[in-house]
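User: I would like to learn how to read some local features of a model, one at a time. Could you take me through them?

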Amino acid sequence: MTTPKKPILWIPGPTEVRPAILAECARPMIGHRSKAMTVLQERLDPHLKFAFGLKDGSESSVAVHTCAGTGLMESSLLGVGNRVLCIVNGSFSKRFHEIAVALGKDAVKLSAPMGSQVPFADIEKALREQGPFDAITIVSNETSTGVRTPLKEFAAVTKKFPATMVLVDFVSYIAGAPIDFDEHGFDFGFAGIQKALALPPGLTVAAASKRYLEAAKTRKSRGFYLDPVKVFQGHAERATMATPAISLYYALAQQLEDISAGVTLPENQRGKTGRAAWQARFDEHTRMQQVTEAWASSNDLEMLPAPALRSTTISCIQAGDLDVPALIAAMKAKGHELGNGYGDLKDKTFRIGHMGDHTEAGLQAMLQLADDAIVALRAAKAV
Ligand SMILES: Cc1ncc(COP(=O)(O)O)c(C=O)c1O
């Protein structure tokens with residue numbers, strides 16, 4: 001039996017994984033308490049520091065844990081006190097709030113309609129008038145709506161409330177846009193690896209401030225598998241509490257090294273290394289966002305978020321007159337998979353995940369096919 005050719009993924013994650021990285025997952029097994037595993041773990045940290053934007057000499061720590069992104073959402077909350085302010089502007093920030101409630105936190109929800117973000121003045125007002133809060137949660141890039149929060153402006157607010165720990169979901173943001181973890185005074189940041197890091201799902205990466213980990217150590221009920229102290233200690237001591245997904249560690253190490261070496265950049269941009277290579281990766285994502293936006297406009301389609309809130313990894317486009325399932329089916333037939341809207345936005349929006357190792361040139365080629373699909377769908381409707 002032959003396997004049908006897989007469409008190229010332009011969904012909002014998982015995204016395409018390069019064959020060289022998939023090959024890393026097929027390496028022979030090693031013991032997770034072996035010297036080889038220690039060496040493998042040691043390969044990760046310098047690059048994770050670039051990804052989270054830790055400063056040279058930073059006191060913050062990085063970690064890797066075997067679980068889905070949702071696991072570290074929970075983990076981040078296990079290390080903080082009871083009163084939490086949750087900024088909710090889409091399905092994943094809603095999940096952050098739901099987890100806080102499930103953990104028995106006194107969780108206050110501050111919401112904005114899908115496609116927008118809570119105004120920073122309202123966040124400041126809530127922190128001032130309803131506080132003190134032990135922590136605030138936010139999703140930097142709402143995968144469900146393609147909304148990216150301007151983090152500098154957000155941090156300018158949270159810095160006024162230094163007693164509040166800042167917990168940030170970077171799941172569809174990391175490796176697609178710069179993070180200034182230390183500069184912005186964040187306390188816990190986390191991400192899965194299946195989005196702009198362009199890896200198979202199953203591992204998470206995280207950063208935590210010194211004060212977060214010190215405060216977490218004083219808390220009694222932190223769970224076990226998701227205990228943030230155990231997660232960070234296990235990584236620092238190269239002794240994870242449970243058997244990690246070793247195959248994915250190989251893939252992560254290689255991908256991080258390749259990003260830092262500029263290997264994943266388009267041919268005409270090779271030669272950059274270290275932070276410059278990461279910046280070039282972010283710039284490619286910005287260009288892909290701009291190309292997608294111009295394409296939408298040329299097809300009389302509107303983006304869901306306002307211009308200042310548009311994500312560089314995921315474009316969420318309003319369906320307008322288009323039949324979203326028909327467009328997705330037409331594109332699949334051409335070998336490309338787009339994402340439908342998420343939750344309540346299903347069939348009302350569609351999403352293009354221009355992230356990871358996708359390039360502007362690849363995106364342009366896909367969008368040309370989408371032009372043809374849209375012309376055909378509109379013509380069929382007009383008959
Ligand atoms: C922004 C965001 N946060 C959290 C998650 C949950 O990640 P996971 O499915 O790995 O648990 C996702 C998944 O798409 C996401 O996009």
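**Reading the features**

Analyst: Start with one residue: F133 is in the loop between helix 6 and strand 5. Keep in mind throughout that the model is predicted.

User: Is F133 buried or exposed?

Analyst: The general idea is a cut-off: a residue under 20% relative accessible area is called buried. F133 has 2% relative accessibility, so F133 counts as buried.

User: What else is found in the loop between helix 6 and strand 5?

Analyst: P132 is found there, with helix 6 covering 120-129 and strand 5 covering 135-139. Read omega for the bond before the proline: from G131 to P132 omega is near 0°, and the peptide bond is cis. A second case is the bond from G13 to P14, also cis, with omega near -5°. P14 lies in the loop between strand 1 (8-9) and helix 1 (19-24).

User: Which residues other than glycine have a positive phi?

Analyst: Among them are A175, with phi near 75°, and D347, with phi near 70°. A175 is placed in the loop between strand 8 and strand 9, and D347 in the loop between strand 13 (339-340) and strand 14 (349-353). Their accessibility is read in the way used for F133. A175 is at 0% and therefore counts as buried. D347 has a relative accessible area of 37%, so D347 is partly exposed. One more positive phi, near 55°, belongs to D300, which follows helix 11.

User: How far apart are F133 and A175 in sequence and in space?

Analyst: They are separated by 42 residues in sequence, and their C-alpha atoms are 30 Å apart.

User: What span should helix 11 have, and what do its end C-alpha atoms show?

Analyst: The general idea is a fixed rise of 1.5 Å a residue. Helix 11 runs over residues 274-298 and has 25 residues, so the expected span is 36 Å; the end C-alpha atoms are 37 Å apart, which agrees. As for the faces of such an element, an α-helix has 3.6 residues a turn, so residues three or four places apart point the same way.

User: How many aromatic pairs does the structure hold?

Analyst: There are 13 aromatic pairs. To read a pair, take the distance between the ring centres and the angle between the planes. For F170 and F186 the centres are 6.1 Å apart and the planes are at 50°; an angle that is neither under 30 nor over 60 degrees is called tilted, so this pair is tilted.

User: Where in the chain do F170 and F186 lie?

Analyst: Both are in the loop between strand 8 (165-169) and strand 9 (188-192), 16 residues apart, and the pair links distant parts of the chain. F170 is buried because its relative accessibility is 0%, and F186, at 2%, counts as buried as well.

User: What kind of pair do F188 and Y212 form?

Analyst: Their pair is edge-to-face, with 5.0 Å from centre to centre and 65° between the planes. F188 belongs to strand 9 and Y212 to helix 8 (residues 210-217), so the pair ties together parts that are 24 residues apart in sequence. With a relative accessible area of 0%, F188 is buried; Y212, at 0% relative accessibility, also counts as buried.

User: Which residues form one aromatic cluster?

Analyst: The cluster consists of F52, F154, F170, Y173, F181 and F186. A ring can also be read against a charge: the charged end of R27 sits over the ring of Y250, 5.4 Å from the ring centre.

User: Which residues come nearest to the ligand?

Analyst: Of the 13 residues around the ligand, the nearest are G69, T70, T143, D169 and K195. Next, look at polar atoms. A ligand oxygen is 2.8 Å from a polar backbone atom of G69. For side-chain N or O atoms, a ligand oxygen is 2.5 Å from one in T70 and 2.7 Å from one in K195. The ligand taken alone exposes 390 Å², of which the protein buries 87%.

User: Which helices each supply at least two residues of the shell around the ligand?

Analyst: They are helix 4 (69-78) and helix 5 (91-102). Helix 4 gives the largest share of the shell, three residues.

Methods:
Residues numbered from 1 in each chain as written. Predicted model: local features only at pLDDT ≥ 70, side-chain atom pairs only at ≥ 80, totals over all residues. Heavy atoms only, no water. Phe/Tyr/Trp six-rings, centres within 6.5 Å; stacked < 30°, edge-to-face > 60°. Helix = DSSP H or I, 4+ residues; strand = E, 2+ residues; numbered from the N terminus. Buried < 20%, exposed > 50% of the residue type's maximum accessible area, 1.4 Å probe, protein only. Lys NZ or Arg CZ within 6 Å of the ring centre and 35° of its normal. Expected span 1.5 Å × (residues − 1). Near = heavy atom within 4 Å. Polar contact = N/O pair within 3.5 Å; in protein donor to acceptor, adjacent residues only side chain to side chain. Areas by Shrake-Rupley, 256 points an atom, 1.4 Å probe, with all protein chains shown as cover.
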